[in-house]
Amino acid sequence: MGHDWGFHTEPTRDGRRIKVARGKVVGGSSAVNSVFALRGNARDLCGWSEAGNPGWGFAEVLPSFRRIEHDLDKKDHWHGSDGPVPIRRYSGQEMTPIQRVFVESAQALGHRWVDDLNGA
């Protein structure tokens with residue numbers, strides 16, 4: 001807790017308080033692992049390259065993404081396994097009831113579940 005502010009949400013109706021990690025160090029919340037690992041969109045990166053920024057296409061930056069990752073769930077061409085940043089995906093069993101309802105509602109509206117936003 002020395003590097004985290006120790007914040008929690010206001011109590012929910014059932015009295016539960018949820019921890020909200022917020023870093024009090026240089027680097028802020030990412031320094032205490034409160035970070036979401038999502039790569040830039042492949043089409044956007046290719047657009048940068050096509051706009052005159054050589055080396056910024058998705059194929060060129062993918063090796064850099066892979067070098068920083070230590071993916072605990074995926075072992076394939078799209079994910080790194082030797083980097084310093086651990087990457088994992090939360091299972092459905094780890095979702096809170098409100099998170100499950102949100103996902104179910106989105107799917108009921110026609111949005112599809114994407115298992116891996118950093119994959120193919």
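L38 sits in the loop that runs between β2 (19–20) and α1 (42–50). That's a handy place to start looking around this model, which is a predicted one. Is L38 buried or exposed? Partly exposed, as its relative accessible area comes to 47%. L38 also has company at the surface: together with F36, V114 and L117 it makes up a nonpolar patch, and the four share about 420 Å² of accessible area.

**A pocket**

L117 turns up again in the second largest pocket, a space of about 300 Å³. Lining that pocket are 13 residues, and those closest to its centre are N41, A42, L117, G119 and A120. What is the lining made of? It's a mix of 6 nonpolar, 4 polar and 3 charged residues.

**Salt bridges**

Side chains of opposite charge can pair when their charged atoms come close. How many salt bridges does a search of the whole structure find? The count is 7, and here are some of them:

| Pair | N to O distance |
|---|---|
| K19 and D4 | 3.8 Å |
| E69 and R39 | 2.7 Å |
| D116 and R89 | 3.4 Å |

Take the salt bridge between K19 and D4 to begin with. K19 belongs to strand β2, while D4 is in the segment before β1 (7–8), so this pair links distant parts of the chain, 15 residues apart. The two ends sit quite differently: K19 is exposed, at 54% relative accessible area, whereas D4 is buried, at 7%.

Next comes the salt bridge joining E69 to R39. E69 is part of strand β3 (residues 69–71) and R39 is in the loop between β2 and α1, so the pair ties together parts that lie 30 residues apart in sequence. Here E69 is buried, with a relative accessible area of 5%, and R39 counts as buried too, at 10%.

Then there's D116, which forms a salt bridge with R89. D116 lies in the segment after α3 (97–108) and R89 in the loop between β4 (85–87) and α3, so this pair ties together parts that are 27 residues apart in sequence. Why does D116 count as buried? Because its relative accessibility is 18%, and buried means under 20%. R89, with a relative accessible area of 22%, is partly exposed.

D116 and R89 aren't on their own, either: along with D71 and D73, they are linked in a network of salt bridges.

Terms used. Residues numbered from 1 in each chain as written. Predicted model: local features only at pLDDT ≥ 70, side-chain atom pairs only at ≥ 80, totals over all residues. Heavy atoms only, no water. 1 Å grid on protein atoms, 1.4 Å probe; cavity = no way out; pocket = protein on both sides within 12 Å on 5 of 7 lines; lining within 4 Å. Points joined across faces, edges and corners; volume = space filled by probe spheres on them. Nonpolar A, V, L, I, M, F, W, Y, C, P; charged D, E, K, R; others polar. Patch = residues over 30% accessible without salt bridge, like charges linked within 9 Å, V, L, I, M, F, W, Y side chains within 5 Å. Areas by Shrake-Rupley, 256 points an atom, 1.4 Å probe, with all protein chains shown as cover. Salt bridge = Lys/Arg side-chain N within 4 Å of Asp/Glu carboxyl O. Helix = DSSP H or I, 4+ residues; strand = E, 2+ residues; numbered from the N terminus. Buried < 20%, exposed > 50% of the residue type's maximum accessible area, 1.4 Å probe, protein only.
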